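Here is a quick tour for anyone meeting this structure for the first time. Have a look around, then read on.

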Number of protein chains: 2
Amino acid sequence: MVRQPSINAQNRPPLTTDRIIESALHIVDGQGLARLTMRRLGDALEVEAMAIYHHLPRGKEQLLDHLVAHVGAMPADAPGGGGWRGGLMAWAHAYRTRLLDHAGVLPLLVTHRNPAALAGTLASLREHLRLGGVPERTAAVAAHSLLGFVIGHVALEVRDTRGDVRAEPGEPPVDWEARFGAALELVLAGVNPG
Amino acid sequence: MVRQPSINAQNRPPLTTDRIIESALHIVDGQGLARLTMRRLGDALEVEAMAIYHHLPRGKEQLLDHLVAHVGAMPADAPGGGGWRGGLMAWAHAYRTRLLDHAGVLPLLVTHRNPAALAGTLASLREHLRLGGVPERTAAVAAHSLLGFVIGHVALEVRDTRGDVRAEPGEPPVDWEARFGAALELVLAGVNPG
DNA sequence: ACCTGAACACCGTTCAAGT
DNA sequence: ACCTGAACACCGTTCAAGT
């Protein structure tokens, strides 16, 4: 074991904005949004809570803004082999997975917080449709329709599934993966090129 | 002025669960969810915060559960003159208005909190479609698709509009009412009876 | 430049006490 | 039964101080 010269006395990595975001997301994913506090985040980073303010001067607000950007930004690629419809379906499935993996930040997504966070994602959806031959005006409507649908559908999923799995008397449990796919086809069916 | 006999010494109406919910919703609508605290709610009701716990033993959690139920529950009527499609469009516009009026509770809607809150609304949508001749399986998918779409689309609206009206350089401001209507038609276009 | 420690003004909630 | 008042364990954040 060769000791590095001039290693930090406490032997810990320097505090960076990226490490703060990553650690915050880890807390939200594992314990829920309510348990994300500056003091707990400081503990996780082995630092006093107040040290965070040196990297995020606007404090917790700025931290939450970063979480929204981190989870909500996911541009769609230009339409490829599967055609624009197939490309959008793949994007929707991937975006759904992202939202489900970070369901704790979903409440932050339906707020005015960080208005620019979803702008890039929306713009890429419009461009994807435009390149697929969908006229400009329809593309704008379809982009809002698709992104809104995915967010709202995941909200319904989270609402129904998270928590203890209790057998309901009447109805069988919903296969959300299949349900989402079917609803997605229904939504995209209404979009016509030209 | 005839004085009522046995009037309350403090001359205030008795504290009820309904008055608590109503007052809480008023705070959320006017000042935002973050400013809804048990102490402020007590002030608004001219009561000590701790008095609320006598009506809502589970405290703030139970209060928020009530807000979700109050805003999220809005069954669709059976299909009438305008046909099932027209009925669903009217319902969607009304539900959108409801959500926009109480945008502060939207973050609570995309949580596992009060899982039963939207069950009645969803069931009424399924029944509406079923009565309109849409087969059972398609109706279930379409109900999730429609409710998810409305919630998600309102989320995008809130995200874009709330806050200071700043003129963006490139794009003109979105007419959200029209955009929602167009996207709604697009979503419903995919639903076919029989 | 980067982090700490104490302090301030808040929270939600409990618990014994009042009427 | 219904409400109060004090208390407890937390919050986010400021600010002067350390290195």
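## Where the DNA meets the protein

Let's start at the surface near DNA strand C, whose residues split into 8 nonpolar, 4 polar and 6 charged. Keep in mind as you go that this is a predicted model. There are 18 residues around the strand, and the ones that come nearest are Glu48(A), His55(A), Arg39(B), Met50(B) and Tyr53(B). On the DNA side, sugar and phosphate make up 53% of the atoms of strand C that come within 4 Å of the protein.

Some of the phosphate oxygens have partners in chain B. The side chain of Tyr53(B) has an N or O atom 2.7 Å from a phosphate oxygen of DNA strand C. For Met38(B), a backbone N or O atom does the job, at 2.9 Å from a phosphate oxygen of the strand. Arg40(B) uses an N or O atom of its side chain, which sits 3.0 Å from a phosphate oxygen of DNA strand C. Which elements give two or more residues to this surface? They are helix 3 (52–55) of chain A and helix 2 (38–44) of chain B. Helix 2 of chain B provides the largest share, with 3 residues.

## How chain A is built

Chain A has 9 helices and 0 strands. Read from the N terminus, its elements simply go α-α-α-α-α-α-α-α-α.

Of its 194 residues, 44% count as buried. Now take the contacts in chain A with a separation of 6 or more: 73% of them come from residues 24 or more positions apart.

## Two chains side by side

How many residues of chain A are in contact with chain B? The count is 43, and they meet 43 residues of chain B. Between them, the two chains bury about 3,300 Å², with 66% of that on carbon and sulfur atoms. On the chain A side, His144(A), Arg159(A) and Leu186(A) lose the most area to chain B, and together they account for 24% of what that side buries.

## Inside the core

The largest nonpolar core holds 122 residues, and the members that touch the most others are Trp91(A), Val150(A), Trp91(B) and Val150(B). Take Trp91(B) as an example: leaving out residues up to four places away in sequence, it touches Met74(B), Pro75(B), Ala76(B), Thr121(B), Leu125(B), Leu146(B), Leu147(B) and Val150(B).

Now for a histidine: is His128(B) buried or exposed? His128(B) has a relative accessible area of 2%, so it counts as buried. This residue belongs to helix 7 (residues 119–131) of chain B. Again leaving out residues up to four places away in sequence, His128(B) touches Ala76(B), Asp77(B), Ala78(B), Pro79(B), Trp84(B), Gly87(B) and Leu88(B). Ala76(B) is also among the residues that Trp91(B) touches.

## Two residues with a positive phi

Most residues other than glycine have a negative phi. Against that background, have a look at Asn114(A), whose phi is positive, near 50°. Asn114(A) sits in the loop between helix 6 (106–109) and helix 7 (119–131) of chain A.

Glu46(B) also has a positive phi, near 55°. You'll find Glu46(B) in the loop between helix 2 and helix 3 (52–55) of chain B. With a relative accessible area of 59%, Glu46(B) is exposed.

Notes. Residues numbered from 1 in each chain as written. Chains lettered and ligands numbered in written order. Predicted model: local features only at pLDDT ≥ 70, side-chain atom pairs only at ≥ 80, totals over all residues. Heavy atoms only, no water. Core = buried A, V, L, I, M, F, W, Y, C linked by side-chain atoms within 4.5 Å. Buried < 20%, exposed > 50% of the residue type's maximum accessible area, 1.4 Å probe, protein only. Contact = heavy atoms within 4.5 Å. Near = heavy atom within 4 Å. Polar contact = N/O pair within 3.5 Å; in protein donor to acceptor, adjacent residues only side chain to side chain. Helix = DSSP H or I, 4+ residues; strand = E, 2+ residues; numbered from the N terminus. Nonpolar A, V, L, I, M, F, W, Y, C, P; charged D, E, K, R; others polar. Buried area = accessible area lost by both parts, 1.4 Å probe.
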